[in-house]
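Here are some short exercises on one protein model. Try each task before you read its solution.

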Amino acid sequence: MVNEPGLDIDVFANGVRDALGFGYYQCIGRDAAQLAHALRGRMLDARVEPIPGKTPLAVILDLRAGVEDGLARLPGLFAAGIRYVVVIHEIEETQERALREREALERRVITVGYRKAAAYYDINPYASLNVAEGCFVAPFERVPDAALEQFNLEILDEERLLHTDMLRETGRRSDAHCVRYRYAAEYIRPGDRVLDVACGLGYGSRMLFETTLADSVLGIDLSDFGIDYAVAHYALPGKVQYAVGDAESLSGIADASIDFIAAFETIEHVPHPDRYLKELKRVLAPGGRVMLCAPNDWTDETGRDPNPFHLHVYTWDKLKSEVGAEFLLEKAFIQVAGGAMKCHFSPRSWREVDPDQPKYDEAEWVVFLGMKDPTEPADAVFRETAWEIPSSSRFNVSAFARDYANPWLVKAMVAIGQRSTNPGLLARFRRKVFEKNPPRSVDAGAALCGLIYEQIESGAAPAVDLKQAVDRYMAIKRTNPHQRRWKVSIAYAWGVAEFLRQDVDEAMRYLTICSDIDPVPYSPILGNKTLDALFLRAVIHAGRREFDDVRALLYRSISLARRLSTGGPKNTWLAAWLNVIGSERAPLPFGLAEMAMLFDKSARAAYMLAVVDTSVERPGAFARESRGFLERQIDHLKAELRTVKSGNSLKTQEAIALNAGMHRLQQHADTLATQLVERNTRADELAAEVMRQSARAEELAEEVIRQNARSEELAAEVNRQEQRARELAAEVVGQSENAQELARQVVNLDAHAQNLAREMLAEIASRDRIIAELQAGQQGNQPADQQADQQG
């Protein structure tokens, strides 16, 4: 009950009763008195003040006046052994914050020692969990003490990679796993023996048992840890059981002994999917169902599934091909959780699609509902599981094994509410059984009746082969009880078909055949068809203004109801209601309901008799009275529903107009927003440019300051250089005058030096002559041998 603008007390009270059952309830919190009053109106012993010494079955904890104060009570409620706690909270945050707040609130309750109750997703439909703001109602169930002692939440954290208990988890993935069991429950028939293959920690097996009328549920898993956990938390002796087992080898389960199989996210894990599917088919009974799902193309950019435990990658086509090779495909669904690798930004959704022509945009998981072909039972041994069969040979209404050649057809092809929901499969079954079985058999009669109603629903002209088959069946003289049942039903159905085809005389002929067959040898409840035939005959006579015949048929209807309910000399055994309620210890649930309808159809005749004498003068009144009490209530509810729908239609039109206006405003707002974004972007660009220019200007200003400082330094240097230049110039002038004086001195010195040089040269030459003369004189005075030695 999420995403409601406020708490609808009536819806809340009905939901709580259907989820948690009858018993003593205590209401705590803001609107406790109002909530208790509403629950008492549903026959629940709901109170505000506790009953001393008595433990409530459930506590309604209204947190709308104070979350923390309310949650502070949880440990005390757990310690007191309260089985159920229903939390009510009004979340007013924005979407994302509201989702986080809801999950945080759930975690607080779970941490104390509670888990989501099996009916959590009945109170909170899957799609409603996409929006968290508004009124939030969630039921929780206490975890057994022994289970908590053995398996606390820390252990679950350690095992999270392989498996976890999704009833003790929050968020999208938890919802996605749990809600599959919620939807699977819709296809489990009363008395079904259910198998939850690869059950993990077993939470889904328990959900299937609590939310259906299944006889028993068996969970199988390879993990010893998983089975130990499941036994501790969810097992119910003889009803919900668990065992270690291999999905590819269910050796401990007999052939055709299972009526429904939940096989979720298993096929991608097993080494041999073909072997796995054949094993599921082996243990499934003819007409039994299997709901099987797999991740839809969970591949990353490398083309591989990043989950190391996935041995195979499945797509719609691959899964359909493999499942369709072993089972008839009854339905198909696609599921999205969002928030993960695939479909990350998508909301939660579960949507049915055509198995043959699916239309969808995205899917995280593909789900198929398959059925084992009931028309090919092979050597499967039939055992009635829905009802207890009395030992008396006079019991007929559900003695299918006695009178049908193939009793598996009843659940798959015949029984309303149990048979296949796929019109194509039903037509296929009926045509095959009609053509394969002896034309006067019970099986052929059941198929023929179904084919006639198919023709009526389609509006097609009566088929020739069906007309011949009807007459052949009407010709049966000595009938067993179920042949009689189908003879009555076929005659009535063909009479209706002829009436719709505007052949009133033929319609009257077959309706007369129907009403002339005594229903008692089968069961009083077959009298419903007899009464319908009498009624339609009376209506036809009324249209012809044959009111004596009308009265006779209406009185006959009253008499028939009396006979069927009181017995008579030849059918006193019916007074025990054997073929109405079956066993006294385990009465048939449908028998008394059928009798209630029978009396209501007799009431219809009584209403008509009250005005038949003035039916010519008041034809409208006569027509208005041609409804029983239950029919009138139904019509009244339908009228109220039409009024509501009409009001809703006007509101819808107003909403559409408002939405259109809002859409236009939104488009205009989007346009303005786009322009604003563009202008903001331009403004941001200009601001950035201004910042850049400002920074550049600052840089230039700093550079100018530096240049000015340098210029001043250079100017000072120039001044210094000019001063130095002037000083040098003055010095140069002084030096120039000195240089000229020095130059004159140099010239004079040079002239003097030249004179000295000439004098020195002359002196040297003079000395050289003197030396030469002295040497020549010395050589003349030496002996000859010294001169020779000197020369040598």
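**Exercise 1.** Find the side chain with which the side chain of Thr385 makes a polar contact.

*Solution.* Keep in mind that this is a predicted model. Start at the side chain of Thr385 and look for its polar partner. That partner is the side chain of Lys411, at 2.7 Å. A polar contact needs a pair of N or O atoms within 3.5 Å. The pair of Thr385 and Lys411, at 2.7 Å, is such a contact.

**Exercise 2.** Place Thr385 in the chain and list the residues it touches.

*Solution.* First, the place. Thr385 sits in the loop between strand 14 (365-371) and helix 14 (400-403). Next, the neighbours. Leave out residues up to four places away in sequence; Thr385 then touches Gly191, Arg193, Asp259 and Lys411.

**Exercise 3.** Decide whether Thr385 is buried or exposed.

*Solution.* Take the relative accessible area of Thr385, which is 13%. The cut-off for buried is under 20%. Thr385 is therefore buried, because its value is 13%. Now turn to the whole protein: buried residues make up 44% of its 792 residues.

**Exercise 4.** Work out whether the protein is more spread out than a compact globule or not.

*Solution.* Begin with the secondary structure: 27 helices and 14 strands. The globule rule gives 28 Å for 792 residues. The radius of gyration is 52 Å, well over that value, so the protein is more spread out than a compact globule. Then look at the box filled by the C-alpha atoms. Along the principal axes, it is roughly 205 × 70 × 65 Å.

Technical notes:
Residues are numbered from 1 along each chain as its sequence is written. This is a predicted model: local features need pLDDT of at least 70, side-chain atom pairs count only at pLDDT 80 or more; totals for chains, interfaces and linings use all residues. Side-chain values use heavy atoms; hydrogens and water are left out. Helices (H or I, at least four residues) and strands (E, at least two) are DSSP runs, numbered from the N terminus. The radius of gyration is taken over C-alpha atoms; the globule rule is 2.2 Å times the number of residues to the power 0.38. Buried means under 20% relative accessible area, exposed over 50%, partly exposed in between (1.4 Å probe, protein chains only). A polar contact is a pair of N or O atoms within 3.5 Å; within protein, one must be able to donate a hydrogen and the other to accept it, and residues adjacent in sequence count only if both atoms are side-chain atoms. Contact means heavy atoms within 4.5 Å.
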